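Here is a short tour of how the strands in this model are arranged. Have the viewer open as you read, and follow each pairing from one strand to the next.

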Amino acid sequence: KTLDLDTVLDSCVWSDTTERCAFVQTLRSLAFDSDPVVITLRKDTKDRREPGDHVWHQLSFSRCKNPYDGGDCLLMLESDVSTLMLAQAELQASNDLKDKFLQCMSHELRTPLNGIMGLSSAIVHSLQCPPALKTPLTTIDNSAKHLNSLVTDILETAECMAGNFRLHCAPTKLSDLCERVCDVMRPRLHESVQLRNQMLAAGTETTVHCDPGRIQKVLMHLIENAVKFTESGWIEIRQVMTDADFVRVEVVDTGCGIP
């Protein structure tokens, strides 16, 4: 049926007049060969399923010719998407609850972990620590640090899902960062595997603007994956200048790769 555009728009709930005016302007500039303009809006109607429910409709507009007089007109397709919007709202609420749980759980786990790492590290480096206890205490300390890293990953995942993920960029010497990664990862290698850090050519040492913690974590994950499939040979971190402004970091190994 034929409807006046203002009648259609008056039946919808707009956040303000600016939003409505902007949408009308979009419809006026709609060309015949353009993709349809689709918008989802709450309808101003008394036909509600339950108190507090809202009726949501999806409106799709396309420019076409009027079959009766050949004039320009808008073809509108309207569908009730209230059930879909309700399901999306419930899914979002569920995701928000999950993210809050992960954040709370992560923070609660950090408290005992910090105590374990602090005490085990202090005992290991103490002059009074018996040599026979250094190895098991070092294992406890390393295991606690690894568990703390997993907890950090969970917390960062929750922050990312909540849209709060942030990078903390700073000027960083890439060669020093890669060398620190090598120092941390070497104890985890097989005896017949070497971990090498291939730096940039002499005289090309550069400082990059990055988040050193994120870069270090990515490199450690790549090396951990390489360790699984490299029983002999070498694993190498390579720094390659792609142009004057960028450096590419690669992790290369002599392993068989993923079967």
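## A four-stranded open sheet

Let's begin with an open sheet built from four strands, ordered β1-β2-β3-β4, in which the pairing is antiparallel. At its edges sit β1 (12–13) and β4 (72–80), each of which pairs on one side only. Please keep in mind that you are looking at a predicted model.

Within this sheet, β3 covers residues 56–65 and pairs with β4 through nine bridges, in the antiparallel sense. If you would like a handy register point for this pair, look at H57, which stands opposite D80 in β4.

## The helix across the sheet

Which strands does helix α2 lie across? The helix, made of residues 17–28, lies across β2 (37–43), β3 and β4. Relative to β2, α2 runs at about 150°.

## Strand β8 and its partners

Further along the chain, β8 (residues 233–241) is a good strand to follow, with pairings to β6 and to β9. With β6 (residues 193–198), the pairing is parallel and extends over six bridges. Here N197 stands opposite I237 in β8.

How do β8 and β9 run, parallel or antiparallel? They run antiparallel, and seven bridges join β8 to β9, the strand of residues 247–253. Together β8 and β9 form a hairpin, with five residues between the two strands. To check the register of the hairpin on screen, find Q239, which stands opposite V249 in β9.

Definitions and conventions. Residues are numbered from 1 along each chain as its sequence is written. This is a predicted model: local features need pLDDT of at least 70, side-chain atom pairs count only at pLDDT 80 or more; totals for chains, interfaces and linings use all residues. Side-chain values use heavy atoms; hydrogens and water are left out. Two strands pair if DSSP finds at least two bridges between them. Contact means heavy atoms within 4.5 Å. Axes are lines fitted to C-alpha atoms, for helices over the stretch in contact, and angles run from 0 to 180 degrees between N-to-C directions.
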